[in-house]
Amino acid sequence: PVIRGGFVVAPAGLLRGAQGASGPAPSPPPVAAVTQASAARARRAVMEAERALGFEPVDREVEKLGYDIESGAPGGGSLRFLEVKGRVAGAGSITVTRNEIMTALNEPEKFILAIVLFHDGGEETVHYLRRPFDREPDFGVTTVNYRLRTLLDRAGPPS
């Protein structure tokens, strides 16, 4: 142990041994794994909302098309493109890629920004925002952060 600034700094293994635990300390899950799990949970919530509305959603996230879910009207009707962002309720912002913004601007009638809020207790709320972006990002911009509250103020329930 070392004393720094009035605090005792000790190796985690020493502390675990003092508590009767043995072996290496468990590692927290990698941030990417947590992010992917949250994104998958958000996509599932939006796909459930789409099915409840009578649409037939398909998860297209891995294809990097500028949206995550392609949802069609039954019988091969028109398509809608949903970009899904899952955030903990109370979060300050969401990050959107240039590709997602350009898809929204190129397909304004079909594109929906679906925001899924994760609440304490495991509940989720799904919000849909049509025409979420007004202009394309400047040249060279790869992502843009948006104030979540501002987007939610313009959003509504799935429809």
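**Reading the sheet, the cores and the ring pairs**

Four bridges connect strand 4 (residues 69-72) with strand 5 (residues 79-88), and the two run antiparallel. This is a predicted model.

Student: Which residue of strand 5 is the bridge partner of Ser71?

Tutor: Ser71 has Arg80 as its bridge partner there.

Student: What is the strand order in the open sheet of five strands?

Tutor: The order is 3-4-5-7-8, and the pairing is mixed. Strand 3 (56-59) and strand 8 (124-130) are at the edges with a single partner strand each, so one side of each has no neighbour in the sheet. From one strand to the next, the twist averages 30 degrees.

Student: How many helices and strands does the protein chain have?

Tutor: There are four helices and nine strands. Along the sequence they follow the pattern β-β-α-α-β-β-β-β-α-β-β-β-α.

Student: Let's turn to the interior. Which residues have the most contacts inside the largest nonpolar core?

Tutor: The general idea helps here: in soluble globular proteins, nonpolar side chains tend to be buried together. In this model, the largest nonpolar core has 15 residues, and those with the most contacts inside it are Ile94, Phe111, Leu113, Ile115, Phe133, Leu148 and Leu151. Strand 6 (93-97), helix 3 (98-106), strand 7 (111-118) and helix 4 (148-154) each contribute at least two residues to this core. Strand 7 gives the largest share, four residues. Apart from this core lies another, of 14 residues, including Ala42, Met47, Ile69 and Tyr128.

Student: What is Ile115 in contact with, leaving aside its neighbours within four places in sequence?

Tutor: Ile115 is in contact with Lys85, Thr125, Val126, His127, Leu148, Leu151 and Leu152.

Student: Now the aromatic rings. How many aromatic pairs are there?

Tutor: The count is three. A pair of aromatic rings is described by the distance of the centres and the angle of the planes. Tyr67 and Phe81 are stacked, at 4.4 Å centre to centre with 25 degrees between the planes. Tyr67 sits in the loop between strand 3 and strand 4, while Phe81 is in strand 5, 14 residues apart. Both Tyr67 and Phe81 are buried.

Student: Why is the pair of Phe133 and Tyr146 described as tilted?

Tutor: The ring centres of Phe133 and Tyr146 are 5.2 Å apart and the planes are at 45 degrees, so the pair is tilted. Phe133 lies in the loop between strand 8 and strand 9 (143-147) and Tyr146 in strand 9, so the pair ties together parts 13 residues apart in sequence.

Student: Is each of these rings buried or partly exposed?

Tutor: Phe133 is buried, at 7% relative accessible area, whereas Tyr146 counts as partly exposed at 21%. Phe111, Phe133 and Tyr146 form one aromatic cluster.

How values were computed
Residues are numbered from 1 along each chain as its sequence is written. This is a predicted model: local features need pLDDT of at least 70, side-chain atom pairs count only at pLDDT 80 or more; totals for chains, interfaces and linings use all residues. Side-chain values use heavy atoms; hydrogens and water are left out. A nonpolar core is a set of buried Ala, Val, Leu, Ile, Met, Phe, Trp, Tyr and Cys residues joined through side-chain atoms within 4.5 Å. Buried means under 20% relative accessible area, exposed over 50%, partly exposed in between (1.4 Å probe, protein chains only). Contact means heavy atoms within 4.5 Å. Two strands pair if DSSP finds at least two bridges between them. Axes are lines fitted to C-alpha atoms, for helices over the stretch in contact, and angles run from 0 to 180 degrees between N-to-C directions. Rings of Phe, Tyr and Trp (its six-membered ring) pair if their centres lie within 6.5 Å; planes under 30 degrees apart count as stacked, over 60 as edge-to-face and the rest as tilted.
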